[in-house]
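Student: I would like to go through this structure by asking how each label is earned. Please set the values against the definitions.

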Amino acid sequence: MTYLFNQPSDFARELTEGFVAAHSDKVRQVPGGVVRSTRSPEGSVAIVVGGGSGHYPAFSGLVGQGLAHGAAMGNLFASPSAQQICSVARAAHNGGGVLLTFGNYAGDVLHFGQAKARLNAEGIPCELLVVTDDISGAPPEEWQKRRGVAGDLAVFKAAAAAAEAGYDLAAVLAVAERANQHTRSFGVAFSGCTLPGADRPLFTVPEGMMGVGMGIHGEPGIKDAPISSADELAELLVNALLKEVPQAVSAQSGQRLSVVLNGLGGVKYEELFVVYRRVAQLLTAQGLTIVEPEVGELVTSFDMAGLSLTLFWLDEELERFWCAPANTPAFRKGSMTAAEPREECEFNVEQDSIPEATPASREAAQCVAAALAAARDVIVANVDELGSIDVVAGDHGIGMERGVEAAAETAASMLERQAGAGTLLQRAADTWADRAGGTSGAIWGVALNALGTALGDSAKPDGSRVALGIRQAAEGIMHFGKAKAGDKTLVDALLPFTDALTQRVNAGEALPQAWLKAAQVAQQAADATAQLRPKIGRARPLEEKSLGTPDAGAISLAMILNAVATVLNQVQTEQAAVQETQTQ
């Protein structure tokens, strides 16, 4: 369990403050994460990594000379938001563009994808590389669905060394892609992890058993098997990985590779060395040459008991990059001359300013803020129900509660600052994504940003403009999240709502009435997701368990749409009463 903490909600923030205080010669805190505190060559590519907190030394511990230029850090086990990623990327940018690279988890894919789009729109060249090294996540022909685990280190290191060598952004991306193709990982878990303040583990493994192929957040693996001896476990891991030698190197003689034996938090170094002893024997017996192996904790999960083995198959260039020196808080290799520190002023962020808005848009902003407050109230009232519907980790309700409370709070602040409807929604989107984290945070960030862009800060929104904004929100969610109708996600309720709203508005129906009837359609569609099997996201491996239970995201969306319908109709009634009074 986790013993030392103050308020659990402050844990991620406080660990970051302490980490930076301990390593101020190498890292500096910026909104959203950390960046190098030392200078990098002007015009060089910046490598920005990231993911949820709770996996140290990933990701912040890998920031420093020879490795990452910055790390975007989300809440515990929750992906950083697009706003956080952009903030870190801007601070890390050296003029040569930014490569965003991270493990393959739905929330990270959504948020980093949004960040890439924003950075490119701002004029900062940006590319994206998703690490997919975990062979237990999907079969070889579906390697794009595989998770990113300790193989992150190999990909990050190769990309960073290429950037240090002066490669341009396209060439750095090519090196990272090749490193990812040459990396395979496989792991086991003996017990789950307990988050700060929790009274039970996030997940469990049956007593005396090990979860073969289990993910670092408790994602399902291949099977449960009796705990084996150290040698037997080494043989299991090595044999599984040697079945997947990358095609590009399988025909080479005298194959060379590096090895990462990673402890997940609860397995001690002495135990890892016992396992590595046999790993090295097995690989050497196959005629393989091991180059600068790493044994230790490199991607952890609090007190999770488990380990993973990564094989990083090398060609001449990848070997040179793997062996290149690095000096970070948690990873050191070779020796290098310390770079000059950056000045404090270089870490300053832009001032927060509110665009001017018309009186009509400021009036509409009041309605939007009331709608967000209503959304907050309905989610808070049903947070336990949403958690129980979530068949994977039970945390959907908690994430939604964090996000919608932050959005409603931001909306109230934006009203005080005379923001228009568009700006209010966009700022609420960013704080929702920041605070909620995970997939739901990303999805709602996309949705509110799209709607805010459509409404703008000038005109008074009418039904057609709102319907257009909703449609653009749906398109944005499907683009970034890769979900489609029938995948058992929020999209299965959002698309029917969008179509019904558009049809009624185009037929001349007033927005409040059109929204109410469309919300009823969304509720029916959300309930009907109980008959679907999940085809995307964390629930995908649990198809049978999910059958008969509706999708939590679709249900929470329907709740919010119905709450907003009540607000819209109340506002319409109040406005009608005012107009009647004025005409008397």
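Student: Where is Phe77, and what makes the label "buried" fit Phe77?

Tutor: Phe77 lies in the loop between β4 and α2 (82-92). Strands and helices here are DSSP runs numbered from the N terminus, with helices being H or I of at least four residues and strands E of at least two. The model is a predicted one, in which local features need pLDDT of at least 70 and side-chain atom pairs count only at pLDDT 80 or more, while totals for chains, interfaces and linings use all residues. Residues are numbered from 1 along each chain as its sequence is written, and side-chain values use heavy atoms, with hydrogens and water left out. The relative accessible area of Phe77 is 18%. Buried means under 20%, exposed means over 50%, and partly exposed is in between, with a 1.4 Å probe and protein chains only. Phe77 is therefore buried.

Student: What is notable about the phi of Phe77?

Tutor: Phi of Phe77 is near 60°, which is positive in a residue other than glycine. Most residues other than glycine have a negative phi, and most peptide bonds are trans. Phe302, in the loop between β12 (294-296) and β13 (305-313), also has a positive phi, of about 50°, and is not a glycine. At 18% relative accessibility, Phe302 counts as buried.

Student: How do you know that Cys193 touches Phe77 and Phe302?

Tutor: Contact means heavy atoms within 4.5 Å. Leaving out residues up to four places away in sequence, the residues touched by Cys193 include Phe77, Phe302, Pro201 and Asp303. Cys193 lies in the loop between β7 (183-191) and β8 (209-212). Its relative accessibility is 0%, so Cys193 counts as buried. Cys193 and Gly266 are 73 residues apart in sequence, with their C-alpha atoms 8.8 Å apart in space.

Student: What makes β1 and β6 edge strands?

Tutor: The order of the strands comes before that. An open sheet of 6 strands runs β1-β2-β4-β3-β5-β6, with mixed pairing. β1 (27-30) and β6 (126-131) each have a single partner strand, so one side of each is left without a neighbour in the sheet. From one strand to the next, the twist averages 25°.

Student: How do you know that β2 and β4 are paired?

Tutor: Two strands pair if DSSP finds at least two bridges between them. Strand β2 (residues 33-36) and strand β4 (residues 70-76) are joined by 3 bridges and run antiparallel. Val35 stands opposite Gly70 in β4, and the bridge partner of Val34 in β4 is Ala71. β1 and β2 pair in the antiparallel sense over 4 bridges. Their hairpin has 2 residues between the strands, and Gly32 there takes a positive phi near 100°.

Student: What is the sense of the pairing between β3 and β4, and how covered is β4?

Tutor: β3 and β4 pair in the parallel sense over 6 bridges, with Val48 standing opposite Gly70 in β4. β4 is mostly covered, with 6 of its 7 residues buried.

Student: Which peptide bonds in the loop between β3 and β4 are cis?

Tutor: The bond from Tyr56 to Pro57 is cis, with omega near 15°, and the bond from Ala58 to Phe59 is cis, with omega near 10°. Pro57 lies in the loop between β3 and β4, as does Phe59.

Student: What makes Ala419 buried?

Tutor: Ala419 has a relative accessible area of 1%, so Ala419 is buried. Ala419 lies in the loop between α12 (396-416) and α13 (421-436). Residues up to four places away in sequence aside, Ala419 touches Ile354, Ala357, Arg362, Ala365, Met414 and Leu424.

Student: Why is Met1 called exposed, and what patch does Met1 belong to?

Tutor: Met1 has 54% relative accessibility, so Met1 counts as exposed. Met1 is found in the segment before α1 (11-22). Together with Tyr3 and Leu4, Met1 forms a nonpolar patch on the surface, with about 440 Å² of accessible area. Patches are made of residues with over 30% relative accessible area and no salt bridge, joining like charges within 9 Å and nonpolar side chains (Val, Leu, Ile, Met, Phe, Trp, Tyr) within 5 Å. A salt bridge is a side-chain nitrogen of Lys or Arg within 4 Å of a carboxyl oxygen of Asp or Glu. Accessible areas come from the Shrake-Rupley method with a 1.4 Å probe, and for residues only the protein chains shown count as cover.

Conventions:
Axes are lines fitted to C-alpha atoms, for helices over the stretch in contact, and angles run from 0 to 180 degrees between N-to-C directions.
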